[in-house]
Amino acid sequence: MKLAKFRRYFVDQYMTVDARSLGFGRIVLSVILLLDLVRRIPDLTLFYSNDGLIPNHMMLWRPPTQWMFSFFFILSRPDEVAVGFAVCGFIYLALLVGWRTRLMQFLALVCVLSLHSRVTLLENGGDWMLGELALWTAFLPLGRRFSLDAVRASLRARRETTAAELGDRNALEVPGSLTVVSLAVLALALQIADSYIFNAIHKGGPTWRSGTAVHYVLHQDRMCTWFAVWMRPYMSLWLSRILSWGSLITEAILPVMLLAPVQKVAARRVAIVCVIGLHLGFQCFINLGIFSFAMIGYTPFLLTGADWEAFTRFAQRRKHRLTAYFDAGCGVCFQIARLWARLDWLGRITFRSSVDLAAAADAAAGTQTVGVSPELLARTLVVVDEETGTRYTRADAVAQVLRAFPAGGLWSLPLRLPGLRALANWGYDAFSQRRESISTWLGLAACTLPARPAEPVPAPGESPVAAVESPAAVEPPAAAEWPVAAEPPSAVEPPAIVAPPAAAQPPVVPESSEIVAAPPATVAPAVATAPIVEAPSGEPPPVFKPEPAVLPDLRARTRAPVVEQLRAILWAMREAAVLAMIITLLSETLYINAAVPRFLKHEQPLIIKRLVAYPRLIQAWSMFASDAPMTDQSMVVDAVTIDGRHVDPYSEATSRYENPGREEIPVRLDNDSFVFNYSGRIPGSGSYHQALTEWILAYPDRTGNPNDRIVRFDAYEVDDDSPPIGQLNPRNVHSRVFLSYPPKR
């Protein structure tokens, strides 16, 4: 019993996540992946093609590791690489909207690993963390909420036929539990906790102990932002200590909050605030590439069900309520309303059709108040603000509906901009004039209309009037009382069966969307029929009410036992794969981090090395450790052209200074993370110097000027000492040549 209780506790505390957190996390992850892709576009030729500094054959002949995978290795020309980037962008967008989510999760992982492995010379911790986020989430059902897949599943599970049915938001929920249990949830927490705990432990140098670390980081001109340059004169010792020790304490407490054995909801909320605050601060001062955004990308997966319930309560406090009126005869309109009802998970919109205006008793008063009529709905969608009574039509109505959705201000913005608003209204009018033909062409059903009852058919030799007045004729209910089909036909309760006199024909069943009772010979077998009993003379005919057959819930799909067994096997295989990757993470953590005691060090098996290298599951966490850098570093090229001019091809391509020289490192080089990583690593990477030489000599091919032909050059590594606290100017600038052409002997 104790073991079972501990198991339930452990699963709930560390292996359970809300499906809404997974859906939101998928959106955030996709945005970060797109951001990572877009930031690489300016360097597409420079670092991803054979016209740049890192040609693919160089990486294949001199790989930094023997286990690498990237489909970008087969792309050589810039236009080929551009196609690869476009494919990645399409996959990221498909993942963003949740289309074929499972497949796109796997393909997105392949894309991000390919982008990073192609240029491992330029990697940093942010690239690792982003790839690892894509890796761990590939084992989780990210499309269960907030996705096209979820909407499609809901539309298939319940097929509404009236506007009233759209009001039941609970019935529109996607089939499936809100709770997801997997070892991958634990892996996400371990991954982010692992990075913080070792970053904190490794920061034990003098700059961190004295609190001057942030001061020295601000003087890294290769990576600092404009805000960091502006802050330099104001960075006093006490402010530097607050920021330095504050970041150190935050990194130290984050693993505790992430893995706390109690108070999960409160601990996770503290962790989310700390992660976002810490990395927004980093991003304000230094350019670390995708690192800060990748770390923030983990936070949605830390949200609990209690957080979503609190958010829902807060969002529903908003008094903004809308009523959307649409034409019931427009199939496309009704199907769009079905889609909108599923996106309106806060329940801010009430949908009403033109049938409701004609049938409901209170519709007449409402129509006079807001000015909505069936004739108007035949031309446009109408949205009424229930609080102010303001009426919106055409594209403005669509914009109001979109604004009611979560983050709706963003989705509706294009329809509200002056120029685009007029274009949207024109497009709406063009659609409105053709909506019926479009509905027919697409095969989309309209909202079910109440059918008019058929006139009773007179018996042979009987006048129509007599047939109407005959007691055998069943008087159908008024048009407004006829039910609208909302359930499967066989589940609808048929009207009472009345035995007709012998001399009269049975009444004709009205043409309705409902299945009503017919004579015994023609009753559908799904409905239980009752025998017809002759009424005694002088008494009214008896009425029988057959009980409808009980139908199973159409949403509860039963699977064959073999299918269930196969699903169980696949689930076990998935969890086993996650467990293997968790073991790999722990092994790599113990193996590569200097703070781990020697007795825990071990020789990694070959399979572990491969599982680390291929998905880039590297766990070396020591950013600005053990000390913040007290020297700055850059790279320049002094090249001489055929006509005697001195140029710097490298700085022209990578810096805002075309020819900074080697006498100083200018203020804020404005390098991106790829450039300053290349500048810092290429001097000591002799295997890649030939590619750098060839790229410099190709300078006239890029400029198109024959006089730019390079006859000789020297490549320098330039560094200086950052100023101490209270000073602004660097000191002790010196440089050294690490590459020359022609080679010096």
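Which elements make a right-handed β-α-β unit with strand 3? In this predicted model, the partners of strand 3 in that unit are helix 17 (residues 331-343) and strand 4. This briefing considers strand 3 and its pairings, then salt bridges, of which the structure holds 26, and finally the nonpolar cores, the largest of which has 127 residues.

**Strand 3 and its neighbours**

- Strand 3 covers residues 322-326, and 5 of its 5 residues are buried, so the strand is largely enclosed by the rest of the structure.
- Burial applies to both faces of strand 3: Leu 322, Ala 324 and Phe 326 lie on one side, while Thr 323 and Tyr 325 lie on the other.
- With strand 4 (residues 349-353), strand 3 pairs in the parallel sense over 5 bridges.
- Within this parallel pairing, Ala 324 is placed opposite Phe 351 of strand 4.
- With strand 5 (residues 382-385), strand 3 pairs in the antiparallel sense over 4 bridges.
- Here Tyr 325 is the residue that stands opposite Val 382 in strand 5.

**A salt bridge within helix 2**

- Side chains of opposite charge can pair when their charged atoms come close.
- Asp 36 and Arg 40 provide an example, as their side chains meet in a salt bridge with an N to O distance of 3.2 Å.
- These two residues are 4 residues apart in helix 2 (residues 19-40), so about one helical turn separates Asp 36 from Arg 40.
- Asp 36 is buried, with a relative accessible area of 0%, and Arg 40 also counts as buried, at 1% relative accessibility.
- Asp 36 and Arg 40 belong to a network of salt bridges that also links Arg 39 and Asp 127.

**Salt bridges between loops**

- Arg 232 and Asp 221 form a salt bridge in which the closest N and O atoms are 2.8 Å apart.
- Arg 232 lies in the loop between helix 12 (226-231) and helix 13 (237-258), and Asp 221 in the loop between helix 11 (213-218) and helix 12, so the pair ties together parts that are 11 residues apart in sequence.
- Both partners are buried: the relative accessible area of Arg 232 is 9%, and Asp 221 has a relative accessibility of 5%.
- Asp 708 and Arg 645 form a further salt bridge, with 2.6 Å between the closest N and O atoms.
- Asp 708 lies in the loop between helix 31 (699-703) and strand 11 (710-721), whereas Arg 645 lies in the loop between strand 9 (631-641) and strand 10 (646-647); the pair therefore ties together parts that are 63 residues apart in sequence.
- Asp 708 is buried, with a relative accessible area of 5%, but Arg 645 is partly exposed, with a value of 33%.

**Nonpolar cores**

- In the largest nonpolar core, of 127 residues, those with the most contacts inside the core are Phe 47, Leu 53, Ile 54, Tyr 92, Trp 136, Tyr 678 and Leu 692.
- Helix 9 (residues 183-202) supplies the largest share of this core, namely 10 residues.
- Leaving aside neighbours within four places in sequence, Leu 692 is in contact with Leu 53, Met 635, Tyr 678, Ile 682, Phe 738 and Leu 739.
- Apart from this core lies another, of 28 residues, which includes Ala 163, Ala 337, Ala 341 and Ile 349.

Note on methods. Residues numbered from 1 in each chain as written. Predicted model: local features only at pLDDT ≥ 70, side-chain atom pairs only at ≥ 80, totals over all residues. Heavy atoms only, no water. Buried < 20%, exposed > 50% of the residue type's maximum accessible area, 1.4 Å probe, protein only. Pairing = 2+ DSSP bridges. Right-handed = clockwise from strand over helix to strand, strands pointing away. Salt bridge = Lys/Arg side-chain N within 4 Å of Asp/Glu carboxyl O. Core = buried A, V, L, I, M, F, W, Y, C linked by side-chain atoms within 4.5 Å. Contact = heavy atoms within 4.5 Å.
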